[in-house]
Amino acid sequence: MRRIRLKLKKRSYDIIVGCGIINRLGNCVHKLNIGADAYVITNPLIRIKFGKAIQGALSKSGMSVRFKTVADTEKSKSVETAARVLKDLAAYDLKKRIFIVALGGGVVGDLAGFVASIYKRGIPYIQVPTTLLAQVDSAIGGKTAIDLSTGKNLIGAIYQPKLVFSDVGFLKSLSLRQIRAGLAEVIKYGIIKNPGLFSFIEKNSSDILRCKPAALELIVQRCSKIKADVVSRDEKEESGLRTILNFGHTIGHAIETASGYNKFNHGEAVALGILIACGISRRLGLIKLPVEKRVGELIKKVGLPTQISGISIERIINTHYHDKKFLGKRNRFVLIKRIGITQITRDIPLKIIKDSIKERF
Ligand SMILES: NC(=O)c1ccc[n+]([C@@H]2O[C@H](COP(=O)([O-])OP(=O)(O)OC[C@H]3O[C@@H](n4cnc5c(N)ncnc54)[C@H](O)[C@@H]3O)[C@@H](O)[C@H]2O)c1
Ligand SMILES: [Zn+2]
């Protein structure tokens, strides 16, 4: 079990990573002194899988546990679901010292964090992520959000949890597709910050895909450390440092949206976005072809897509230029100079972007 500290002065917190550590959750929470009544927001599938273990771990430390389940879909990140959860929470809250537990993937984590941020102007919450994507990314850093029909993540706040508790033992029941989706983010971390992590995935991809605990523990620890360091130096994305986490996401988001969040899931779209960002980097002379090839080979090796089909290139470009981040602004991409080193570049000619997307068809 390893403890990684995300340093934000009074709002600092630990990210605990290990395998088969769930029975230690109660003890870790107890030490934080954040409350005695756990309000666990989750979905029905995760409640069946891990509810008992969570209940046992928390009640062993004298805490009461109440579960609130929401539907297992992105639609749970809605104003309506948040309102329903808040009403239930308020009804339950009488004379209690409540803290929220986000038990699940990124959907539950974003919703539960959002609810915690606005209930009584903010109550403590902890993240217990159960997908690879949530353990390496969404549970860390305090970005909470719900969606509007006009766009994803439009309502939310940066509101940090008191603890992130990642038991990689949870990941065993994920589908291979979900593991791969999380792995796209892990590859991203390797490319932007840690060549050693990138080589580790190259050498150990089959252990990772087979959910071997030692391999999963290592990648979740390394990624948590990278994200914690970035967030503690640029929590609100002001200095530009946190922006590097968007590597592969600029066109990745456009692909995800243009595919109707259906053909390509987030990680698959990010994998394609990474390849396109590498293509742009090469066209601008920042990297040579072998670097781009090395990235492409790894993405292929882990079973993530390297080619786009079923969406038109125009649709991707249009979606990109209508992205809320770009309206009326200049384009801005996170590119790479080599594995481990990024560069942010603005005003990239449309032809270079288009050619780099075309190459993926
Ligand atoms: N806040 C952030 O910084 C941030 C960053 C990235 C993504 N996100 C958000 O995260 C969400 C995506 O998260 P996700 O990929 O974890 O998806 P998800 O939460 O929908 O989980 C994916 C699926 O896996 C199931 N699942 C969860 N844990 C499981 C387990 N251990 N075994 C078997 N099945 C399990 C879930 O029930 C669900 O069906 C999106 O809403 C995205 O916007 C947020
Ligand atoms: Zn992502």
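These are my notebook entries on a predicted model, covering its ligand site, its salt bridges and a surface patch.

**Entry 1: ligand 1**

I began with the surroundings of ligand 1 and counted 25 residues around the ligand. Glu74, Gly106, Thr130, Thr131 and Ser173 are the closest of them.

I then looked up polar atoms at short range. The side chain of Glu74 has an N or O atom 2.6 Å from an oxygen atom of ligand 1. Two backbone entries followed. A polar backbone atom of Lys143 lies 2.8 Å from a nitrogen atom of the ligand. For Phe170, a polar backbone atom is likewise listed at 2.8 Å from a nitrogen atom of ligand 1.

How much of the accessible area of ligand 1 does the protein cover? On its own the ligand has 870 Å², and the protein covers 83% of this. Four elements give two or more residues each to the shell: α2 (44–59), α4 (106–118), α5 (132–138) and β8 (151–155). The largest share comes from α2, with 4 residues. By residue class I noted 7 nonpolar, 9 polar and 9 charged residues in the shell.

**Entry 2: salt bridges between distant parts of the chain**

The structure has 22 salt bridges; I looked up a few of them.

Glu235 and Arg11 meet through their side chains, N to O, at 2.7 Å. This pair links distant parts of the chain, with the two positions 224 residues apart in numbering. Glu235 sits in the loop between α8 (213–233) and α9 (249–258), and Arg11 in the loop between β1 (2–6) and β2 (13–18). Are the two partners buried or exposed? Glu235 is buried, because its relative accessible area is 9%. Arg11, at 40%, is partly exposed.

Next I took Asp137 and Lys227, whose closest N and O atoms are 2.7 Å apart in a salt bridge. This pair also links distant parts of the chain: Asp137 belongs to helix α5 and Lys227 to helix α8, 90 residues apart. Asp137 has a relative accessible area of 14% and so counts as buried. Lys227 is buried as well, with a value of 6%.

**Entry 3: a salt bridge within one helix, and a network**

Glu185 and Lys188 form a salt bridge between their side chains, 3.1 Å from N to O. Why are the two separated by about one helical turn? They are 3 residues apart in helix α6 (residues 176–193), so about one turn lies between them. I recorded a relative accessible area of 0% for Glu185, which is buried. Lys188 is buried too, at 1%.

I also noted a network in which salt bridges with shared partners join Glu74, Lys77, Asp110, Asp147 and Lys152. Glu74 had already come up as one of the closest residues to ligand 1.

**Entry 4: Glu292**

Glu292 is placed in helix α11 (residues 289–301). Its relative accessibility is 5%, and therefore Glu292 counts as buried. Its side chain is joined to that of Arg282 by a polar contact of 2.2 Å.

**Entry 5: a nonpolar surface patch**

Last, I looked at the surface. Val79, Leu148 and Leu154 form a nonpolar patch there, and together they have about 210 Å² of accessible area. I checked one member further. Leu148 belongs to strand β7 (residues 146–148). Its relative accessible area is 37%, so Leu148 is partly exposed.

Note on methods. Residues numbered from 1 in each chain as written. Chains lettered and ligands numbered in written order. Predicted model: local features only at pLDDT ≥ 70, side-chain atom pairs only at ≥ 80, totals over all residues. Heavy atoms only, no water. Patch = residues over 30% accessible without salt bridge, like charges linked within 9 Å, V, L, I, M, F, W, Y side chains within 5 Å. Areas by Shrake-Rupley, 256 points an atom, 1.4 Å probe, with all protein chains shown as cover. Salt bridge = Lys/Arg side-chain N within 4 Å of Asp/Glu carboxyl O. Buried < 20%, exposed > 50% of the residue type's maximum accessible area, 1.4 Å probe, protein only. Near = heavy atom within 4 Å. Polar contact = N/O pair within 3.5 Å; in protein donor to acceptor, adjacent residues only side chain to side chain. Nonpolar A, V, L, I, M, F, W, Y, C, P; charged D, E, K, R; others polar.
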